[in-house]
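Me: I would like to go through this structure label by label. For each label, tell me what justifies it.

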Amino acid sequence: IFLDEVSQAWGELVNSNKPSDINKKIHNPRKSAESEDDDDAADKYEGTTAVMIFDEEENLTAFEKIQRRLSEAPIIQGILSGSEELYERSGAKAAREKMGHVTEDAREAWETSQNPWVYRASSVYDTFTAESEFALAEKELRELDPDFNLEQWKEDLVEVTLPKIMQLFLEGRIKELKPSLGESVYNRLAAEARARKKDGVYVDTNVLGVMNSEILSCTPDHVNKGSPIIMIHFMCQQINCVRKKETDEITEGSEDDIRAYSYVAALQREYDEEKGELNWKIVDFMLNGAIAYL
C-alpha cells in the first residue's frame, strides 16, 4: 500500500504541469436518495429557432443551418451587446488592430461573422477592462478553489475539456453532454441535434484541434447570483464533409476540406455539495462562422 501511495504521489508530481479537466472534486461524493430522469429536452426548447424553416433558395450548407439554429444565445448576446457603448467610449474602435495572440485567421472569422461584437468585445477587454475584471473573477473563484488560476483554467479547457465536448456535439451524443451543459443550452442543443438528424445528413465528427482561444469577458452573475460567467472564443479545426445518412454519399465539402470554425461559449462554475465537486457548465453556446484552414 505504501509503495502504491508513493507511486501515485510521484505520478501526480510528474503530471502537475500538464493540462487537466477544468472540473475538480473537493471531497468524496455523498449518497443521494433520488436520481433524476432524462427529460425530453428537445421538446422543452421553445426559443425562436425551435421551429425554424429554411428557404430552399438560400442553398444553406449543413453548418450554416447549425449556425442559425444556434443563433439564439441570450447570455452571450447580452454580454456582447452591452459592450457596444464601452467599445465606443474606451477607444477600442481606434485600436482594432490590437488582437493579442489571436491570429489573422481568427480575426477574419470574427470580422466576417454575423456577430461583430465578438471581435469588439475582445478589443474592449484588451484595452480597457480585462485586468480588473479578470482579477475580481479569480478572487471570487478562489474562495472555494484556492489554487484557481484563470490562465491555467483556459489551458485545461482548451487542451482537455473542449475537445471532448466538441466531439460529443458533432456526433450528436447529446445525453452525454448533459453534465457539461446548463439546462437552457442543453435543450437548445438537443433540438438542434434532432433537426440535424431530420435533415438526413451527418457531419464529419473529427476534431483536429482547438486553437486561438481568447477569454472575452468575466462577468458577475447579477441575475442568479452564481459564480462569474466566463465567455471564451475559440476556433475548432474540423473537416467540412457532410454525408447522407442512408448512402454515405458526400453532399457538401470533401474529406480534405479542413476549416476553422469559430465558436463562442459562456461557462459558469457550480458547486455540487453532495458529490463534493466544482463543475464548470456551458451556460450558452453559439457557432460564429467558419473559414478555410490554410
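**Labels and their grounds**

Me: Why is Asp284 called buried?

Reply: Asp284 has a relative accessible area of 1%. Buried means under 20%, exposed over 50% and partly exposed in between (1.4 Å probe, protein chains only), so Asp284 is buried. The model is a predicted one, where local features need pLDDT of at least 70 and side-chain atom pairs pLDDT 80 or more, while totals for chains, interfaces and linings use all residues. Residues are numbered from 1 along each chain as its sequence is written, and side-chain values use heavy atoms, without hydrogens and water.

Me: How do you know that Arg188 and Asp284 form a salt bridge?

Reply: Their closest N and O atoms are 2.5 Å apart. A salt bridge is a side-chain nitrogen of Lys or Arg within 4 Å of a carboxyl oxygen of Asp or Glu, so the pair qualifies. Arg188 lies in helix H10 (residues 183-198) and Asp284 in strand S6 (residues 277-292), so the bridge ties together parts that are 96 residues apart in sequence. Helices (H or I, at least four residues) and strands (E, at least two) are DSSP runs, numbered from the N terminus. Arg188, at 3% relative accessibility, is buried too.

Me: What makes Arg196 and Glu192 a salt bridge, and how are they placed in helix H10?

Reply: The N to O distance between their side chains is 2.8 Å, which is inside the limit. Arg196 and Glu192 are 4 residues apart in H10, or about one helical turn. An α-helix has 3.6 residues a turn, so residues three or four places apart point the same way. Arg196 is buried at 8%, and Glu192 is buried at 2%.

Me: Why does the pair Glu249 and Lys244 count as a salt bridge, and are the two residues buried or partly exposed?

Reply: The closest N and O atoms of Glu249 and Lys244 are 3.8 Å apart, so the pair still meets the cut-off. Glu249, with a relative accessible area of 44%, is partly exposed, and Lys244 is partly exposed at 37%. Elsewhere, Arg69, Glu192, Arg196 and Asp199 are joined into one network by salt bridges that share partners. The search of the whole structure finds 11 salt bridges.

Me: How many disulfides are there?

Reply: The search finds 0 disulfides. The test asks for a pair of cysteine sulfur atoms within 2.5 Å, so no cysteine pair in this structure meets it. Cys218 is buried at 2% relative accessibility, and Cys241 is buried at 2% as well.

Me: What makes a group of residues the largest nonpolar core, and which of its residues have the most contacts inside it?

Reply: A nonpolar core is a set of buried Ala, Val, Leu, Ile, Met, Phe, Trp, Tyr and Cys residues joined through side-chain atoms within 4.5 Å. The largest such set has 46 residues, and Trp153, Phe169, Phe234, Tyr263, Leu267 and Phe285 have the most contacts inside it. Helix H8 (residues 150-171) supplies the largest share of this core, 10 residues. A second, separate core of 11 residues includes Leu80, Leu216, Ile229 and Val264.

Me: Which residues does Phe169 touch?

Reply: Leaving out residues up to four places away in sequence, Phe169 has contacts (heavy atoms within 4.5 Å) with Ile66, Leu70, Leu177, Leu189, Glu192, Arg196, Tyr263 and Phe285.

Me: Why are the buried residues of helix H4 said to share a side?

Reply: In H4 (residues 74-81), Ile76, Ile79 and Leu80 are buried. They cover an arc of only 95° around the axis, which puts them on the same side of H4. The arc is that of the directions from the helix axis to the C-beta atoms.

Me: What makes Tyr261 count as buried, and where does it sit?

Reply: Tyr261 has 3% relative accessibility, so it is buried. Its place is in strand S5 (residues 250-272). Tyr261 and Leu287 are 26 residues apart in sequence, yet 7.5 Å apart C-alpha to C-alpha. Leu287 is also one of the residues that Tyr261 touches, along with others including Phe63, Phe234 and Gly289.

Me: Are Asn212 and Asp248 buried or partly exposed?

Reply: Asn212, in strand S3 (residues 207-219), is buried at 16%. Asp248, in the loop between strand S4 (229-244) and S5, is partly exposed at 41%. Neither is a glycine, but phi is positive in each, about 50° for Asn212 and about 65° for Asp248.
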